[in-house]
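Let's take a walk through this one together, beginning with a single side chain and working outwards. Have the viewer open and follow along.

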Amino acid sequence: MNSEHFLDAMAYIDEEWIEDVALLRRNPKSITVIWIRRVAVIAACIAITFVGVIALRGIFIPAFDGALPVAGHTESPESNNFCEYTDTDDGILAHSELCMAIRIDTWENGTATATVVEVIDAESAVDIHQSIEVYFADIANTTDSEESNTEESEPESSESYAPTEEDYPNGSVVYVWGKFDATASTPTFCAYRMSTTL
Amino acid sequence: MCDEDIVKLYQLRDETALSVTQEVYGSYLYKIAYNILSDRQDSDESVNDTYLAAWNSIPPHLPAVLSTYLGKLARRISIDRFRRKHRQKRIGSEYATSITELEGILSSPQSPEELAEVKLLAEYINRFLQTLPKETRRVFIGRYYFLDPVKDIAAYCGISEGKTKTVLHRTREKLKSFLQKEGFSL
């Protein structure tokens with residue numbers, strides 16, 4: 001056979017393909033559209049990479065975050081070098097890592113079992129309605145009484161204390177600042193500040 | 001006017017079918033003819049012959065896709081015209097260029113037995129085309145069915161001329177090994 005036979009044979013190829021190319025010849029692909037698609041694909045790749053990095057940070061960084069040494073920190077007695085914080089002049093800790101509204105369910109040996117009501121100002125691995133253990137390693141005294149319902153008062157003392165069931169009875173909703181204890185097997189929150197107001 | 005309506009005009013033996021066909025598909029058929037003949041007058045004559053062939057063949061033939069049917073007629077008529085006029089001498093048309101390109105893989109001299117193989121060859125070409133990615137198949141059909149210049153194929157496929165040439169070269173090589181595997185003597 002020779003090349004002329006080949007071109008003759010091409011006349012018998014699937015008509016669907018012929019029509020496809022005929023259509024393409026009538027409506028060529030727009031170069032602009034092609035470039036827009038290419039740019040869109042590149043942008044999508046960048047976005048996916050960006051989201052992936054953020055997601056990986058979300059997974060890995062919190063695990064290390066608490067272990068990083070912070071100047072002037074006080075170690076939590078229960079958790080190895082985890083619940084660090086820095087006292088400031090007004091008694092409020094310098095690095096409020098995570099603020100949550102919780103509803104205290106029960107108290108036991110200074111540790112509260114609570115339900116997460118809202119995560120206020122940071123990303124967290126916990127969900128709303130999730131049950132967590134909350135211990136108060138070293139609470140700065142910035143509480144205001146629920147009875148007065150006033151704005152957050154000035155700290156009375158820089159000394160720390162651990163709140164009890166008398167301060168925040170079961171069912172009360174309070175705001176806590178602190179960090180999740182990455183070393184604990186169950187969701188355990190190490191609070192360094194608590195208040196009934198934000 | 002849609003294809004169905006035009007075909008109906010042919011069926012009714014209404015001569016406006018020819019003018020409508022010319023209006024709708026005239027430039028499409030002329031392009032096919034010109035790719036093969038590279039001559040305006042010859043191309044015009046081929047296109048006119050195509051209208052006549054369509055008039056004579058519809059009915060009984062009722063094409064599902066009129067453009068494809070007319071395109072096939074125009075292609076065949078133009079190739080026949082080309083062969084008649086340039087049996088001894090190949091002019092610089094896209095058809096001649098395509099033949100030159102294919103001589104690298106299909107170089108045996110013509111024989112009556114091989115002529116009989118054309119339809120069989122078409123079957124294998126269909127199988128081969130099925131294995132190709134869509135874009136490659138489009139480029140290949142653009143080049144060897146429509147006999148379009150590389151530049152035009154690159155433009156309507158939205159790829160560069162260089163890529164088009166590369167795709168064609170690789171596809172020809174693949175075709176060569178495919179046909180050899182299937183037992184064709186090349």
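Set aside the neighbours within four places in sequence, and Thr171(B) is in contact with Phe128(B), Leu132(B), Thr136(B) and Phe140(B). Keep in mind while you look that this is a predicted model. Thr171(B) itself sits in helix H10 of chain B, the stretch covering residues 161–181.

Is Thr171(B) buried or exposed? Its relative accessibility is 3%, so Thr171(B) counts as buried, the cut-off for that label being under 20%. What does the polar end of this side chain have beside it? A polar atom of the Thr171(B) side chain lies 2.5 Å from the backbone oxygen of Val167(B).

Now zoom out to where the two chains meet. On the chain B side, 52 residues are in contact with chain A, and they touch 29 residues there. Together the two chains bury about 3,800 Å², and carbon and sulfur atoms account for 64% of that area.

There's charge pairing here too: the rule finds four salt bridges across the interface of chain B and chain A. For one you can click on, try Arg25(A) with Asp148(B), which form a salt bridge whose closest N and O atoms are 2.6 Å apart. As for polar contacts, the count between the chains is ten residue pairs, with both residues at pLDDT 80 or more.

Which parts of chain B supply the side that touches chain A? Seen along the sequence, at least two residues each come from H2 (16–37), H4 (66–85), H5 (94–103), H6 (112–116), H7 (118–130), H8 (134–144) and H9 (150–157) of chain B. H7(B) gives the most, with eight residues. Sort that whole side of chain B by residue type and you get 26 nonpolar, twelve polar and 14 charged.

That leaves the partner, chain A. It has three helices and six strands, and from the N terminus on the order is α-α-α-β-β-β-β-β-β. Of the 198 residues in chain A, 38% are buried. How do its contacts spread along the sequence? Take the contacts in chain A between residues at least 6 apart, and 52% of them join residues at least 24 apart. Finally, the accessible surface of chain A comes to about 11,000 Å², with 56% of it belonging to carbon and sulfur atoms.

Note on methods: Residues are numbered from 1 along each chain as its sequence is written. Chains are lettered from A and ligands numbered from 1 in the order in which they are written. This is a predicted model: local features need pLDDT of at least 70, side-chain atom pairs count only at pLDDT 80 or more; totals for chains, interfaces and linings use all residues. Side-chain values use heavy atoms; hydrogens and water are left out. Helices (H or I, at least four residues) and strands (E, at least two) are DSSP runs, numbered from the N terminus. Buried means under 20% relative accessible area, exposed over 50%, partly exposed in between (1.4 Å probe, protein chains only). Contact means heavy atoms within 4.5 Å. Accessible areas come from the Shrake-Rupley method with a 1.4 Å probe; for residues, only the protein chains shown count as cover. Buried area is the accessible area (1.4 Å probe) that two parts lose on being put together, summed over both. A salt bridge is a side-chain nitrogen of Lys or Arg within 4 Å of a carboxyl oxygen of Asp or Glu. A polar contact is a pair of N or O atoms within 3.5 Å; within protein, one must be able to donate a hydrogen and the other to accept it, and residues adjacent in sequence count only if both atoms are side-chain atoms. Ala, Val, Leu, Ile, Met, Phe, Trp, Tyr, Cys and Pro count as nonpolar, Asp, Glu, Lys and Arg as charged, and the others, Gly among them, as polar.
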